[in-house]
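I opened this notebook to record what I looked up in the structure. The entries follow the order in which I asked.

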Amino acid sequence: MPEITRRRALTAAAAVAATASAAVTFAAPAASAAGRHEPAAPESFDEVYKGRRIQGRPAESGAHHHEHGGGYEVFIDGVQLHVMRNADGSWISVVSHYDPVPTPRAAARAAVDELQGAPLLPFPAN
């Protein structure tokens, strides 16, 4: 029987570690998918932010809305701000598309900040 050398012991330990790492890598996506659940629907809001009236609510049944908004509507001074929910649960709008925020209210506030007093123009829906 061959002697166990330091080199063989280290090689065996590296192989075991690599196998364990691969098993964890393949099991992790399945575990995270199984534990995934749909985030709660955002609450309605109606407030004045920096002199602008911002509102958000679930889309009215039968009303036209984009699937991206997840059935939620946001308005600034009565004009609809098109919003989209990302896969990670964050929200973006047509005004602040590259700055995801945690809620539709935060998206409305970010849009007001970005508009700097300019009116929100209606977005032609396709």
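Entry 1: the first strand pair

Which residue in β2 is the bridge partner of Val 48? I looked it up in the model, which is predicted, and found Arg 53. I then turned to the strands themselves: β1 and β2 run antiparallel, joined by five bridges. Two residues lie between the strands of this hairpin, and Lys 50 takes a positive phi near 50 degrees there.

I next sorted the residues of β1 by face. In a regular strand the side chains alternate between the two faces of the sheet. In β1, Phe 45, Glu 47 and Tyr 49 form the covered face, while Asp 46 and Val 48 form the uncovered one.

Entry 2: the chain as a whole

I stepped back to place this hairpin. The protein chain has two helices and six strands, in the order α-β-β-β-β-β-β-α along the sequence. Of its 126 residues, 26% count as buried. I also noted the exposed surface of the protein chain, about 8,900 Å², of which carbon and sulfur atoms supply 59%. Among contacts with a separation of 6 or more, 41% are between residues 24 or more positions apart.

Entry 3: helix α2

I checked the length of α2, residues 104-115. At 1.5 Å a residue its twelve residues should span 16 Å, and the end C-alpha atoms are 16 Å apart, which agrees. Just after α2, I found Gln 116 with a positive phi of about 50 degrees.

Which residues of α2 are buried? I listed Pro 104, Ala 107, Ala 108, Ala 110, Ala 111, Val 112 and Leu 115. An α-helix has 3.6 residues a turn, so residues three or four places apart point the same way. I then asked what covers the buried residues of α2. The cover includes β1 (45-49), β2 (52-58), β3 (72-76), β4 (79-81), β5 (83-85) and β6 (91-93).

Entry 4: the nonpolar core

I searched for the largest nonpolar core and found that it has 16 residues. Those with the most contacts inside this core are Phe 45, Ile 54, Val 74, Ile 76, Leu 81 and Val 83. At least two residues of the core come from each of β1, β3 and α2. The most come from α2, which gives five.

I took Ile 76 as a case to follow. Leaving aside residues up to four places away in sequence, Ile 76 touches residues including Ala 108, Ala 111, Val 112 and Leu 115, four that I had already listed as buried in α2. Ile 54, Leu 81 and Leu 120 are also among the residues that Ile 76 touches, as are Arg 52 and Arg 53.

Entry 5: salt bridges

How many salt bridges does a search of the whole structure find? I recorded six, and I examined some of them in turn.

Asp 46 forms a salt bridge with Arg 53, with the closest N and O atoms 2.6 Å apart. Asp 46 is partly exposed, with a relative accessible area of 47%, and Arg 53 is likewise partly exposed, at 41%.

Glu 47 forms a salt bridge with Arg 105, and here the closest N and O atoms are 2.4 Å apart. Glu 47 lies in strand β1 and Arg 105 in helix α2, so this pair ties together parts that are 58 residues apart in sequence. I noted that Glu 47 is buried, at 16% relative accessible area, whereas Arg 105 is partly exposed, at 31%.

Arg 52 and Asp 77 meet through their side chains in a salt bridge of 2.6 Å, N to O. Because Arg 52 lies in strand β2 and Asp 77 in the loop between β3 and β4, the pair ties together parts that are 25 residues apart in sequence. Arg 52 counts as buried, at 10% relative accessibility, and Asp 77 is partly exposed, at 41%. I also recorded that Glu 47, Arg 105 and Arg 109 belong to one network, joined by salt bridges that share partners.

Entry 6: Pro 100

Where does Pro 100 sit? I found Pro 100 in the loop between β6 and α2, partly exposed with a relative accessible area of 47%. Leaving aside residues up to four places away in sequence, Pro 100 touches Asn 86, Ser 90, Trp 91 and Ile 92. I also noted Met 84, which is 16 residues from Pro 100 in sequence and 9.6 Å from it in space, C-alpha to C-alpha.

Key:
Residues are numbered from 1 along each chain as its sequence is written. This is a predicted model: local features need pLDDT of at least 70, side-chain atom pairs count only at pLDDT 80 or more; totals for chains, interfaces and linings use all residues. Side-chain values use heavy atoms; hydrogens and water are left out. Buried means under 20% relative accessible area, exposed over 50%, partly exposed in between (1.4 Å probe, protein chains only). Contact means heavy atoms within 4.5 Å. Accessible areas come from the Shrake-Rupley method with a 1.4 Å probe; for residues, only the protein chains shown count as cover. The expected span of a helix is 1.5 Å times one less than its number of residues. A nonpolar core is a set of buried Ala, Val, Leu, Ile, Met, Phe, Trp, Tyr and Cys residues joined through side-chain atoms within 4.5 Å. Two strands pair if DSSP finds at least two bridges between them. A salt bridge is a side-chain nitrogen of Lys or Arg within 4 Å of a carboxyl oxygen of Asp or Glu.
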